[in-house]
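Subject: Structure handover

Hello,

The structure we discussed is below. Please open it alongside this note, which goes through what was found.

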Amino acid sequence: METNATLADLNLIADNVCVDFVNTVERGVRYQHQDWIGSYDAFLLWSRKAGLIDSDEFTCLKTQSSANRRKASRVFEKVLRLRALLRGIFAAISSGSTISTTTIKELNEFLTEAHLARKLEWVDQRAVWRWRADSVAMERPLWTLVMAAADLLTGGNVECVRKCANPQCSWMFVDTSKNKRRRWCEMEVCGNQAKARGHYARYRAGA
Ligand SMILES: [Zn+2]
């Protein structure tokens, strides 16, 4: 198992950005107890990689984070709360469990904040979402994730949220495959491990 992994080693495999967000904690299949989002600045790096912010927004937010560490750690606490909340919701969906009203209430609190930061503008004969403030708020990538989560939960793909079939793996994904038979987060990681275990079991059985 590798150590000293960098963000370049992390693959975005979930087919949905907020499920990839939940997959930023690794429980030992690829790396030992790796958390790719260990600080606000690490969250920014991941947000850039996931396409939630562009390079100008990244630079602007990085500067703000250096200038206001207290605010950065307050936003970071919210990032971790949202990740835990979404993990619980997606795990419940993938196992067919119900989601509590407390959970939905907490998600709605995030949504209210994100909605307040946005407005509609009329551009080229249609309405488009814009940020209300000209300055880039430190919560911006977090708000984008909240909106993406609401889109996923209210959209047609919500029933396709699955957990990887490897019991040791905690990763989840949205199964957008045509036959809806995707089992693994990554075939090269969990699929091959399962295949290897299958061969070994047959070998031990004398097959
Ligand atoms: Zn897996």
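Two residues are in contact here if their C-beta atoms, placed from the backbone, lie within 7 Å. Keep that cut-off in mind for the helix pair that comes next. Also note that this is a predicted model.

**A helix pair**

Take α2 and α3 (residues 55–67). Their axes are 10 Å apart and pack at an angle of about 180°. Angles over 145 degrees count as roughly antiparallel, so α2 and α3 are roughly antiparallel to each other. From α2, the residues Y40, D41, L44 and R48 take part. They meet F58, L61, K62 and S65 of α3. By type, the residues of this contact are four nonpolar, three charged and one polar.

**Overall layout**

The protein chain has seven helices and four strands. From the N terminus, the order is α-α-α-α-α-β-β-α-β-β-α. The C-alpha trace spans about 70 × 40 × 35 Å along its principal axes. There are 207 residues, and 25% of them count as buried. Now take the contacts between residues at least 6 apart in sequence: 60% of these join residues at least 24 apart.

**Confidence**

Mean pLDDT for the protein chain is 91. A score of at least 70 is reached by 94% of the residues. Which elements sit at the two ends of the scale? Helix α7 (residues 187–204) has the lowest mean, 76, and α2 has the highest, 98. Where pLDDT is low, the predicted coordinates should not be read in detail.

**The core**

The largest nonpolar core holds 40 residues. Those with the most contacts inside it are C18, V19, L86, L145 and M172. Which elements give two or more residues to this core? They are α1 (17–22), α2 (40–49), α4 (69–95), α5 (101–116), α6 (140–154) and β4 (172–174). The largest share is from α4, with eight residues. In soluble globular proteins, nonpolar side chains tend to be buried together.

C18 is a good place to start looking. Setting aside neighbours within four places in sequence, C18 contacts L86, L145, A148, A149 and L152. Of these partners, L86 and L145 are also listed among the residues with the most contacts inside the core.

**Two backbone angles to check**

Most residues other than glycine have a negative phi. Two residues here do not follow that pattern. D124 has a positive phi of about 50° and is not a glycine. Q125, also not a glycine, has a phi near 65°. Where are they? D124 is in the loop between β1 (118–123) and β2 (126–131). Q125 lies in that loop between β1 and β2 too.

Are they buried or exposed? A residue counts as exposed if 12 or fewer other C-beta atoms lie within 10 Å of its own. D124 has 5 C-beta neighbours inside 10 Å, so D124 counts as exposed. Q125 also has 5 other C-beta atoms within 10 Å and is therefore exposed.

**One more loop residue**

Q34 lies in the loop between α1 and α2. With 18 other C-beta atoms within 10 Å, Q34 is partly exposed. Beyond its neighbours within four places in sequence, Q34 is in contact with A5 and E26. For a distance check, use Q34 and E159: they are 125 residues apart in sequence and 28 Å apart in space, C-alpha to C-alpha.

Best wishes

Definitions and conventions: Residues numbered from 1 in each chain as written. Predicted model: local features only at pLDDT ≥ 70, side-chain atom pairs only at ≥ 80, totals over all residues. Core = buried A, V, L, I, M, F, W, Y, C linked by C-beta atoms within 7 Å. Buried ≥ 20, exposed ≤ 12 C-beta atoms within 10 Å, placed from the backbone. Axes fitted to C-alpha atoms, helices over the stretch in contact; angles between N-to-C directions. Parallel < 35°, antiparallel > 145°, perpendicular 65-115°, else oblique. Nonpolar A, V, L, I, M, F, W, Y, C, P; charged D, E, K, R; others polar. pLDDT = per-residue confidence, 0-100.
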